[in-house]
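Biologist: Could you take me on a close look at the nonpolar core of this protein? I'd enjoy one connected tour, with the surroundings added as you go.

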Amino acid sequence: AGTQFYDWEVRYAYKSPDCYKKLGMTINGESPGPTIYAQQGDTVVVKLTNSMTTENVAVHWHGIRQHETPWYDGTEGVTQCAIMPGDTFNYTFVVDRSGTYLYHAHYGLQITAGLYGFIIVSVPNGFSEPFVYDYDGSIILKDLYHSSTYEQATNLSFKANSWIGEPQSLLINGRGRFNCSASEVNSGVCNATNPECSPYFLTVVPEKTYRLRIGSLTSLSALSFEIEDHNMTVVEADGSFVEPFVTKNLYINSGETYSVLVKADQNSSRNYWITTNVVSREPSTPTGLAIFNYNPNYHYKFPPTEPTTGPLWNDTDSQLDQSQAIKAHHDFVQAPPPISDRVIVLLNTQNLINGYPHWSANNRSLTFDQNPPPDTYDIENYDIYDVSENKNAISSNAIYRIGFNTTVDIILQNANTMKANHSETHPWHMHGHEFWILGYGSGKFDKVHDTKSYNFINPIMRNTVPLYPYGWTALRFRADNPGVWLFHCHIEFHFYMGMGIVFEAGVEKVGTLPTSIMGCGKTKDMIRP
Ligand code: C2O
Ligand code: CU
């Protein structure tokens, strides 16, 4: 196995991803950042220098398990001290499983600020995947806000009844299009002819099959994704092979990745739209656009049709149908342990703490406190259809202590928010592990009845799973990776507002810590041996 070395400088730069000029965070001047390519078994080394003058940074390798290197998971405040201005930190980890993964900042609202990208891990030599294709392509989806992340963070933390609102644009591979007002054009802040915001195009050769890797690192939005008039066959999800199924439209939540196969089998004398649209929340963001360009047409020849607007935003049933269609490929089924040692039920609610809105699991919002967190909440008596009560919510950063190598079930239970008749989708992401998705359901989880519907035959293993409005999601995992790990909602604003837990398993088995993670800033030289 080889070593893939990346030298990254993180700095601010003015960018116009949707033609509107704003300050963003970049890696070597780019947002999205460079794709990391490696082969299963390789070691990846990222030498990261923080060249921002006023802000710390930490980067998480989303979907990489970090076996024996839990300290390089990149979660500020959990696995490392942040990388301070002027400092350099070397992330060194093995990519032990092929597939499509992501990386992103794990500090403040820095994903929203633009620090994100792909990690693509190819299969080992001699191994063949259970599908074939001619070419590989990748598409990363993002929602874009024009306001600064400092303003957003301040409003979320210190303003009652304030919310960030919907994004201004959807970006496909970092490109979108905002409909600038005349005054924005005149003041020079918005320029529709800026080449930075010309649409992304994917050039295809007629009759060839493309493997498209699609990832989302949205700050808020759940998305639908379509290639006009083309079917997609889903073959991979978060690094696991999927029993193939065909769809016109792919739903994708923040933190999820998919591979789909697309055959360029339509009329090759024209181009087609690639579109992405907001679902799950009532959208006010225009469709994100890119071009599926049939060679040899000019790549910016616009398709003669109107861009597709995707499925209805509130068609939760069809989202749930897609989630349930995602099963492990029949040749790659890994059966889950038949029983679990512990069940943790996490009631998802929105709460006020000291008058400011937060998100909580079992009424504990991840902030600063050391009270032990509960394995459940009085869910039997909790009305998940009523406005969240808020009364007992507290801040907590205590951790769940989980027996090493034990099997744990987590039942995510959704509920109403602080607004009447309103419940939101939350994509939960686990660090350091994949889990089996045992089932989804609507309403309140019933442990006698609903556990009977669990899929023990061919459940998919993933690192991210959606929890739908007023529903429940059940997952199972083995706590077989020594370390301290986050499990949280991947909506960056929700995580920022406390929607997550920290768990620990086998910390006594964590080896000798590298000195580079001991402390940060100038005091590190004093505490390092
Ligand atoms: Cu991709 Cu903790 O997240
Ligand atoms: Cu959430």
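Modeller: Happily! In this predicted model, the largest nonpolar core has 131 residues. Val57, Ile119, Val260 and Leu475 are those with the most contacts inside that core. Let's stop at one of them, Val260. If you set aside the neighbours within four places in sequence, Val260 is in contact with Leu212, Ile214, Met232, Thr233, Val234, Val235 and Leu250. Apart from the largest core lies another one, of 5 residues, and Cys19, Tyr20, Phe178 and Cys197 are among them.

It helps to place these residues on the domain map. The domain assignment gives domain 1 as 1-16 + 23-127, domain 2 as 129-326 and domain 3 as 333-509. The centres of domain 1 and domain 3, taken over C-alpha atoms, are separated by 26 Å. Where these two meet, 12 residues of domain 1 are in contact with 12 residues of domain 3. On the domain 1 side of that meeting, the classes come out as 4 nonpolar, 6 polar and 2 charged residues.

Now for a buried residue worth finding on your screen: Leu202, which lies in strand β11 (residues 201-204). Leu202 counts as buried because 23 C-beta neighbours fall inside 10 Å, and the cut-off for that label is 20 or more. Beyond its neighbours within four places in sequence, Leu202 is in contact with Gly137, Ile274, Ala290, Phe292 and Asn293. Take Ala290 from that list: Leu202 and Ala290 are 88 residues apart in sequence, while their C-alpha atoms are 8.0 Å apart in space.

Let me finish with a sheet. Here 5 strands form an open sheet with mixed pairing, in the order β24-β32-β31-β26-β29. The edges are taken by β24 (399-402) and β29 (464-467); each has a single partner strand, so one side of each is left without a neighbour in the sheet. Ignoring direction, neighbouring strands of this sheet are turned by 25° against each other on average. For a closer view of one pair, look at β26 (residues 426-430), which is joined to β29 by 4 bridges, the two running antiparallel. Within that pair, His426 stands opposite Leu467 in β29.

Terms used. Residues numbered from 1 in each chain as written. Chains lettered and ligands numbered in written order. Predicted model: local features only at pLDDT ≥ 70, side-chain atom pairs only at ≥ 80, totals over all residues. Pairing = 2+ DSSP bridges. Axes fitted to C-alpha atoms, helices over the stretch in contact; angles between N-to-C directions. Buried ≥ 20, exposed ≤ 12 C-beta atoms within 10 Å, placed from the backbone. Contact = placed C-beta atoms within 7 Å. Domains from an automatic or database assignment. Nonpolar A, V, L, I, M, F, W, Y, C, P; charged D, E, K, R; others polar. Core = buried A, V, L, I, M, F, W, Y, C linked by C-beta atoms within 7 Å.
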